[in-house]
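Please open the model in your viewer and keep the selection panel at hand. The tour below goes from one selection to the next and says what is there at each stop.

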Amino acid sequence: MKENAGLSDKQAQKLLEQFGHNEIVGRPGQTPFQIFLTQFTSLLVILLIIASVASLFLGDLLDGIFILLIVILNGILGFVQEYKAEKTIRALKQMTVATVRVIRGGVEQKIDSQLLVPGDVIILEEGDKIPADGDILESLHLEANEASLTGESMPVEKNIHDEEKKHVFLGTIVAKGRARVVVTATGMQTRFGQIAASLSEIKEEETPLQKKLDALGKQLGILALGASGTVFIIGFLAKHPLIEMMLTSISLAVAAVPEGLPAVITITLAVGMQRMAREKAILRKLSSIEALGSATVIATDKTGTLTKNEMRVTKVWGDTDKILTAGVICNSYDVLGDTTEGTLLLLAAQKGLLAEQVKKDGSLLEEFAFDPTLKMMTVVWESNQQKTIYTKGAPESVLKSCALDEQSRQNIENEFREYAKEGLRVIALAYKNVTRTPKTRQEAEQDLIFIGFVGIADPPREEVKDAIAIAEAAGIRTIMITGDNELTANAIGTKIGLIQKNEEIITGSQFAKLTDVEALGRLNSIRIFARTTPDQKLRIVQLLQKMGHIVAVTGDGVNDALALKQANVGVAMGITGTDVAKEAADMIITDDNYATLVTAVEEGRTIFDNIKSAVKYLVGCNVGEVIAVVVGMLLGWPLILTPLQLLYINLVTDGLPAIALAVTPKHDGIMKRKPRATKSIFSSLDGVWFLEVSVLTAVTTLVAFGVGQQSGNLELARAMAFTTIILVQHFILLDVWTRDSSILKKNIFADKIFLLAFFGPLILQPLLIYIPPLSGIFKITQVSLIQLALVIALSAVLLVSSEIRKRALPMA
């Protein structure tokens with residue numbers, strides 16, 4: 001190859017100042033302080049902060065401090081998890097290229113790839129990762145694997161003669177040959193960089209959980225404002241003291257907004273994140289796992305995600321022994337070089353034929369390198385004083401060089417076309433014995449004897465077929481979006497069980513001709529999108545979302561980044577994934593294992609179910625509290641529960657059992673049901689449950705307070721109401737535990753967290769009633785055994801109601 005002096009150091013420095021470093025600039029990361037602040041932006045947390053400030057302003061220090069503490073605790077939990085996730089992401093990221101061989105001032109040197117500038121001359125050899133966009137100055141048998149950029153698994157030929165083929169791109173791999181390249185673009189000016197830049201133009205989509213919790217926050221906020229406003233107006237019209245009514249209204253708002261809810265949600269998501277980390281999936285956002293659990297469609301790339309991104313010979317036609325020998329001898333590269341030729345060496349090694357041993361027994365007399373026009377490579381080999389010509393290449397080209405009758409030629413063509421229909425790359429081999437070394441290539445490559453051919457495929461991952469089947473059983477449709485040709489995609493799709501009856505395969509060019517209306521009408525029948533561009537992949541995801549799907553997109557290459565960003569949840573590969581893909585994704589799978597997605601879906605569904613159970617318990621209990629307090633005011637009674645009692649119920653009696661529900665393990669049938677269809681977090685049956693539970697909670701609490709008030713002792717009445725509502729909520733907890741289909745049915749005594757949550761408050765309650773310092777703080781008096789028995793009997797009404805409902809209604 002010719003020498004080229006390249007840039008001088010002075011020129012390079014000037015250009016570096018002009019164009020900047022050769023690096024892909026991602027979105028500015030959040031500082032730890034910014035991550036911490038984002039924990040306090042949800043509506044629920046804002047309501048709690050307002051209640052806390054109001055309590056402190058009115059002199060109710062205990063309530064104000066308690067509320068503030070739970071808000072801060074929730075913020076710390078969320079911050080720790082998200083900050084740890086961001087740190088893990090940064091640790092995963094690798095430099096696109098560490099060093100590069102460059103010629104400067106006529107001297108070859110190795111420099112940091114970030115210091116490359118347009119005009120630099122770089123040297124590339126097989127296996128090198130291309131550090132910038134450039135044009136070929138000169139090359140020898142150069143091919144590049146552009147799977148990370150285009151999705152095309154087969155190496156692409158590069159040469160200086162063809163305008164389209166002389167360009168090389170940042171982030172792609174030299175699969176074969178060598179070249180000298182002049183850098184034309186670096187950093188964000190490269191094709192890789194332009195895709196990265198376009199990601200910032202896509203609006204962030206809220207996850208399903210965020211939408212549902214925001215809706216719940218608004219509903220609870222309206223309830224809190226309505227109830228507290230009603231109580232304040234009633235008290236004001238009844239000429240109660242203003243300060244007393246303000247405190248009463250605030251305490252009612254506290255009862256309406258379950259203080260433990262944000263912490264429960266954060267803890268549930270954090271536990272899910274830790275479980276996923278053990279399963280080799282890293283979440284960038286706590287809520288991403290729930291979004292994946294709600295997915296109705298998984299749009300996956302083929303290369304490196306469904307497949308291993310490794311070429312393997314899967315079929316052999318012809319004389320195997322001669323094919324192996326020809327494949328080893330007519331081969332200039334080892335397995336680390338050209339992927340296609342490496343498959344022949346690997347096949348031979350698997351059959352016990354070692355390349356080193358074969359080549360020791362003979363000598364290479366002549367080599368006619370692979371010709372991109374002829375699509376063949378030929379060598380002249382001598383062993384045991386016998387000269388033999390071996391040729392390999394495209395089957396059409398090799399057949400033309402063989403001495404065959406028309407019928408034999410037609411039969412062979414039919415055979416390798418069948419291979420092609422399966423998406424296999426076909427390499428044919430031929431030979432002939434000669435007495436002398438041919439003088440020309442034309443002489444060497446004529447009158448050959450056809451040996452046979454091999455079919456080379458990028459094999460699917462072994463675990464993918466089962467993973468897709470599990471996803472299908474769970475109502476999740478998997479579609480393939482790839483840059484590969486439709487034959488290859490169809491072959492892989494068939495092997496992994498992706499293709500079902502009456503489903504289509506469509507190419508990107510065909511899809512581009514469809515209007516949005518036409519595309520929407522066909523999307524449900526299309527299983528594979530082949531030869532797609534990044535823009536087309538993005539359009540597919542957008543159209544699926546328009547149809548109401550929750551879309552998860554998996555991928556590892558630059559070509560996946562746009563769709564990863566647009567998706568409800570993007571999942572990037574940690575090993576083969578590019579920096580752009582990781583930056584765009586919500587989740588990173590560190591082992592590049594598609595089956596890990598199934599685990600993520602399971603965990604996501606478990607997270608949602610557990611949160612639903614916890615929220616259901618919390619809201620059901622708190623609505624009952626609100627009704628009891630409001631009705632008590634309407635009856636002209638004093639406040640039946642003090643602000644501190646309400647806070648104790650919300651944080652201790654509500655919070656601990658809710659956390660126990662939230663961390664319940666997944667059950668066996670979670671992947672045998674369809675994705676959740678309702679936009680609300682609760683179903684209509686849940687609405688019936690809420691009505692029943694809240695009314696019974698309010699009625700039993702009011703009856704207990706009314707009985708206690710007959711004695712003329714307000715503290716006794718509050719003690720009975722306080723104890724009743726705590727017992728009632730324990731029956732509610734049992735009802736959720738034993739009835740909700742999301743809870744793993746198991747022995748209650750085997751779950752230590754649940755035991756603590758269930759029996760802890762029951763043990764604490766007698767201490768609050770019968771130990772003077774505690775009863776003084778909570779402003780309650782001792783309850784007699786008869787009164788306690790009445791309280792237990794009232795609370796048991798809910799348990800009886802629960803058993804009746806179980807027999808009358810289907811499982812929620």
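**Aromatic pairs, charges over rings, and cavities**

This is a predicted model, and it holds 12 aromatic pairs. To look at one of them, select Phe416 and Phe453: their ring centres are 6.2 Å apart and their planes stand at 90 degrees, over the 60 degrees required, so the pair counts as edge-to-face. Now colour by secondary structure, and you will find Phe416 in helix α15 (residues 406–421) and Phe453 in strand β15 (residues 449–457), so the pair ties together parts that are 37 residues apart in sequence. Phe416 is buried, with a relative accessible area of 5%, and Phe453 is buried too, at 0% relative accessibility.

Keep these two residues selected and add Trp317, Tyr419 and Phe450, since Trp317, Phe416, Tyr419, Phe450 and Phe453 form one aromatic cluster.

Next, select Phe511 together with Arg539, which lies over the face of the Phe511 ring at 4.7 Å from the ring centre. Then move to Trp689, where Lys616 lies over the face of the ring, at 5.0 Å from its centre.

The last stop concerns enclosed space, for the structure holds four cavities of 30 Å³ or more. The largest cavity has a volume of about 70 Å³, and to display its lining you can select Gly293, Ser294, Arg605, Phe608, Arg673, Lys674, Pro675 and Arg676. Which classes of residue make up the lining of the largest cavity? Coloured by class, this lining shows two nonpolar, two polar and four charged residues.

Note on methods
Residues are numbered from 1 along each chain as its sequence is written. This is a predicted model: local features need pLDDT of at least 70, side-chain atom pairs count only at pLDDT 80 or more; totals for chains, interfaces and linings use all residues. Side-chain values use heavy atoms; hydrogens and water are left out. Rings of Phe, Tyr and Trp (its six-membered ring) pair if their centres lie within 6.5 Å; planes under 30 degrees apart count as stacked, over 60 as edge-to-face and the rest as tilted. Helices (H or I, at least four residues) and strands (E, at least two) are DSSP runs, numbered from the N terminus. Buried means under 20% relative accessible area, exposed over 50%, partly exposed in between (1.4 Å probe, protein chains only). A charge sits over a ring if NZ of Lys or CZ of Arg is within 6 Å of the ring centre and within 35 degrees of the ring normal. On a 1 Å grid over the protein atoms alone, a cavity is a set of points where a 1.4 Å probe fits but cannot get out, and a pocket is an open set with protein on both sides within 12 Å along at least five of seven lines; lining residues have an atom within 4 Å of a point. Grid points are joined across faces, edges and corners, and a volume is the space filled by probe spheres set on the points. Ala, Val, Leu, Ile, Met, Phe, Trp, Tyr, Cys and Pro count as nonpolar, Asp, Glu, Lys and Arg as charged, and the others, Gly among them, as polar.
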